[in-house]
Amino acid sequence: VLTGKVKQPLSKAKVQLWKIKDNTLVPVDSVALDKNNTYTFKGNVQEADFYVLNFYNTQKVLIVLENAPITVDVDGNSPTGAVSMKGTPTMEDMQK
């Protein structure tokens with residue numbers, strides 16, 4: 001499960017999840033924010049791999065998606081906005 005909160009959403013557009021495959025971004029899924037500006041992606045991956053979370057084509061975050069709970073909180077209103085990642089050791093190392 002991949003969850004998070006957008007502190008300053010720019011619009012009611014959906015949060016998009018893209019997989020990086022052969023140096024190309026492939027759309028996987030998208031979800032709308034709930035009334036608390038949080039989002040949830042559910043499902044499983046066969047192996048850990050690189051993905052990108054796209055917040056309104058404004059802020060994009062590189063993540064390693066694994067079959068473990070992961071939380072990615074963002075500002076959402078700037079390409080260089082704050083990001084907080086929690087969950088797996090890989091994700092926490094990426095934040096350093």
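How do β2 and strand β5 pair, and over how many bridges? They pair in the antiparallel sense, over five bridges, with β5 covering residues 49–55. Before we go further, a word about where this picture comes from. This is a predicted model, in which local features need pLDDT of at least 70 and side-chain atom pairs count only at pLDDT 80 or more, while totals for chains, interfaces and linings use all residues. Residues are numbered from 1 along each chain as its sequence is written, and side-chain values use heavy atoms, with hydrogens and water left out.

Two terms will help you along. Strands (E, at least two residues) and helices (H or I, at least four) are DSSP runs, numbered from the N terminus. Two strands pair if DSSP finds at least two bridges between them. Strands of a sheet pair through backbone hydrogen bonds, either parallel or antiparallel.

Now look at β2, residues 15–21. On another side of our story is β3, which pairs with β2 in the antiparallel sense over seven bridges. The two form a hairpin with two residues between them, and D22 in the turn has a positive phi of about 55 degrees. You can follow the pairing residue by residue: K21 stands opposite T24 in β3, and W18 has P27 as its bridge partner in β3. W18 also stands opposite V52 in β5.

Put these strands together and you get an open sheet of four strands in the order β3-β2-β5-β6, with antiparallel pairing. β3 and β6 (59–65) stand at the edges with a single partner strand each, so one side of each has no neighbour in the sheet. Neighbouring strands here are turned by 30 degrees against each other on average, direction ignored (axes are lines fitted to C-alpha atoms, for helices over the stretch in contact, and angles run from 0 to 180 degrees between N-to-C directions).

There is another open sheet of four strands, this one in the order β4-β1-β7-β8 and with mixed pairing. Its edges are β4 and β8 (83–86), each with a single partner strand, so one side of each is left without a neighbour in the sheet. The twist averages 15 degrees from one strand to the next. Within this sheet, strand β1 (residues 2–5) and β4 run antiparallel and are joined by four bridges; K5, for example, has T38 in β4 as its bridge partner.

Next, the loops. N37 lies in the one between β3 (24–31) and β4 (38–41). N37 is buried, with a relative accessible area of 17%, because buried means under 20%, exposed over 50% and partly exposed in between (1.4 Å probe, protein chains only). Leaving aside neighbours within four places in sequence, N37 is in contact (heavy atoms within 4.5 Å) with G4, K5, V6, P9 and K12. Q46, in the loop between β4 and β5, is exposed, with a relative accessible area of 86%.

Finally, look inside. A nonpolar core is a set of buried Ala, Val, Leu, Ile, Met, Phe, Trp, Tyr and Cys residues joined through side-chain atoms within 4.5 Å. The largest one has 22 residues, and L2, Y39, L53, F55, I63 and V72 have the most contacts inside it. β2, β4, β5, β6 and β7 (70–74) each supply at least two residues of this core, and the largest share, four residues, comes from β6.
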